[in-house]
Amino acid sequence: MAARREPWYQAIRWTVFPLLRVWFDWRFEGLETIAAHGPVLIACNHASYLDPLVNSYAVLRARRRPRFLAKQELFTTPGLKWAMKGTGQIPVARGTGDRSSLESAERALARGEVVLVYPEGTVTKRDDGLPMQGKTGTVRLALAAGVPIVPMASWGSAPVWQKSGPGSLRPGRPVWVRVGRPLHLDGDASTIEDHDTVVALTEQLMDALRELAIDLRDRYPTRWRDG
């Protein structure tokens, strides 16, 4: 299937990402795990507001187009709303119980697209920057769509852009991304109704993300660890 023509996607690809490429010192590991064709569901840790750009860049390096489940407020924010809609992102009405976002994501996977989710639902509040407890939506989506979950962890973005406090735009900062082995869930669409199993599978996913994040953290250059 030929890729859809998306002017906003192309504009961002050729303006924003070249700047990212030269400003940060990138390292990508395991990008070959992201299939070249067909549906891919990626779960990411969330340490910074820069992460959507970090994760998007990784997916672009794998020659795929990223579709994020993103909070609905971004789709009404001046300067962002047209880009969010124009690049095919998926709005999420957080805290409402609305399932339309998961249904939209399921349809995107059925079309053979790459869907990215932050299972925590927000930037981590842990002092050590590691992933918090995850919400069950990612596992429910994987079970409904019948696809494995590909864990993707990144490290190095946290000092750049946080909700509060000064950010750091020092050039040359290392930003590392590692893609782990796909998690093939033991279950199918009927498993969604088994709350205990879904919670256990979600913890399995978060354990995988923490393991990847800890590995990146422990190898991260010492001189950059304090911001």
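The largest cavity in this predicted model encloses about 50 Å³ of space. A search for cavities of 30 Å³ or more turns up one in the structure. Eight names make up its wall: Arg-99, Leu-102, Glu-103, Glu-106, Arg-140, Leu-141, Ala-144 and Ile-192 line the largest cavity. Two elements, helix 4 (100–110) and helix 5 (137–145), each give two or more residues to this lining. Sorted by class, the lining of the largest cavity holds four nonpolar and four charged residues, with no polar ones.

Helix 5 deserves a second look, and Leu-141 is a handy place to start. This residue belongs to the cavity lining and is also one of the buried residues of helix 5. The others buried there are Thr-138, Val-139, Ala-142 and Leu-143. The cover over the buried residues of helix 5 includes helix 4 and helix 6 (195–219), together with strand 2 (40–44), strand 5 (114–117) and strand 6 (149–155). After helix 5 comes Gly-146, with a positive phi near 70°.

Attention can now turn to helix 1, which runs over residues 7–23 and has 17 residues. From its first C-alpha to its last, helix 1 reaches 24 Å, close to the 24 Å expected at 1.5 Å a residue. Helix 1 also has a kink of about 30°, centred on Arg-13. Tyr-9, Phe-17 and Leu-20 are buried in this helix. In an α-helix, residues three or four places apart point the same way, because each turn takes 3.6 residues. Among the elements covering the buried residues of helix 1 are strand 1 (25–29), helix 2 (51–61), strand 3 (66–71) and helix 3 (81–86).

Conventions
Residues numbered from 1 in each chain as written. Predicted model: local features only at pLDDT ≥ 70, side-chain atom pairs only at ≥ 80, totals over all residues. Heavy atoms only, no water. 1 Å grid on protein atoms, 1.4 Å probe; cavity = no way out; pocket = protein on both sides within 12 Å on 5 of 7 lines; lining within 4 Å. Points joined across faces, edges and corners; volume = space filled by probe spheres on them. Helix = DSSP H or I, 4+ residues; strand = E, 2+ residues; numbered from the N terminus. Nonpolar A, V, L, I, M, F, W, Y, C, P; charged D, E, K, R; others polar. Expected span 1.5 Å × (residues − 1). Bend = angle between axes of the 7 residues up to and from the residue. Buried < 20%, exposed > 50% of the residue type's maximum accessible area, 1.4 Å probe, protein only. Contact = heavy atoms within 4.5 Å.
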